[in-house]
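User: I should like to learn how the descriptive terms for a protein structure are justified. Could we take them one at a time?

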Amino acid sequence: MNRRVVLALDLGTTTGWALLTREGDIAHGFASFRPQRFEGGGMRFLRFKRWLGELKTIAQDIHAVYFEEVRRHAGVDAAHVYGGLMATLTTWCEHQNIAYLGVPVGTIKKHATGKGNAGKTEVIAAMRALGHPVTDDNEADALALLHWAIATQEA
């Protein structure tokens with residue numbers, strides 16, 4: 001069965017990801033884009049862009065990307081990282097002609113747990129209850145977003 005390939009991302013220094021494959025399987029994990037010693041400030045974004053390309057190659061295609069739309073950040077550095085990753089992602093999607101959509105955090109949490117203000121442990125528990133062996137809250141957030149997309153966006 002050929003389905004749309006959908007990618008869900010929780011953007012951050014540790015980026016959670018979840019992918020609905022053509023076969024209907026769900027793959028998920030997380031990737032670190034922490035700056036490495038002696039790297040310039042833009043290298044994390046170049047590594048993120050390369051990672052997106054590798055993911056697209058492995059998936060054979062990506063038809064839609066959903067990302068967690070964060071309006072408040074813990075600090076200025078977190079806001080800068082998020083903004084840079086979001087700019088890199090949306091530019092990459094435009095270049096690849098892939099549809100993308102930011103989804104508010106509360107919307108994702110409400111769908112996953114029934115509470116728009118659910119904590120990290122509640123989202124992790126909700127994804128484990130769906131059978132996903134989640135080890136990271138970023139991964140759990142991406143999975144919750146993917147399940148939202150599947151349920152509401154005809155993924």
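Analyst: In this predicted model, Val6 stands opposite Ala64 in S4. That pair belongs to the contact between strand S1 (residues 6-10) and strand S4 (residues 64-69).

User: What makes S1 and S4 paired strands?

Analyst: Two strands pair if at least two bridges are found between them. Four bridges join S1 to S4, so the criterion of at least two is met. The two strands run parallel.

User: How do you know that S1 also pairs with S2, and in which sense?

Analyst: S1 and S2 share five bridges, and their sense is antiparallel. Since at least two bridges are required, they count as paired. Leu7 has Leu19 in S2 as its bridge partner, and a hairpin of three residues leads from S1 to S2.

User: What lies opposite Leu19 in S3?

Analyst: Leu19 stands opposite Ala27 in S3. S2 and S3 pair over seven bridges in the antiparallel sense. Five residues separate the two strands in their hairpin, and Gly24 in the turn has a positive phi of about 90°.

User: Why is the pairing of the sheet as a whole called mixed?

Analyst: The sheet is open and has five strands in the order S3-S2-S1-S4-S5. S1 and S4 run parallel, whereas S1 and S2 are antiparallel; the pairing is accordingly mixed. Strand S3 (26-32) and strand S5 (99-104) each have a single partner strand, so they stand at the edges, with one side lacking a neighbour in the sheet. From one strand to the next, the twist averages 20°.

User: What makes S2 mostly covered?

Analyst: A residue is buried if its relative accessible area is under 20%. Six of the seven residues of S2 are buried, and the strand is thus described as mostly covered.

User: Which helices are placed against the sheet?

Analyst: Helix H3 (residues 105-113) lies across S4 and S5, at about 80° to S5. Helix H5 (residues 137-152) packs on the sheet and touches S1, S2, S3, S4 and S5; its direction makes about 35° with that of S2.

User: Why are H3 and H5 called roughly perpendicular?

Analyst: Their packing angle is about 80°, and their axes are 9 Å apart. Angles of 65 to 115 degrees count as roughly perpendicular, and therefore H3 and H5 receive that description. Among the residues that meet are Ile108 and His111 in H3 and Leu145 and Trp148 in H5. The residues of this contact comprise six nonpolar, three polar and one charged.

How values were computed: Residues are numbered from 1 along each chain as its sequence is written. This is a predicted model: local features need pLDDT of at least 70, side-chain atom pairs count only at pLDDT 80 or more; totals for chains, interfaces and linings use all residues. Side-chain values use heavy atoms; hydrogens and water are left out. Axes are lines fitted to C-alpha atoms, for helices over the stretch in contact, and angles run from 0 to 180 degrees between N-to-C directions. Contact means heavy atoms within 4.5 Å. Buried means under 20% relative accessible area, exposed over 50%, partly exposed in between (1.4 Å probe, protein chains only). Angles under 35 degrees count as roughly parallel, over 145 as roughly antiparallel, 65 to 115 as roughly perpendicular and the rest as oblique. Ala, Val, Leu, Ile, Met, Phe, Trp, Tyr, Cys and Pro count as nonpolar, Asp, Glu, Lys and Arg as charged, and the others, Gly among them, as polar.
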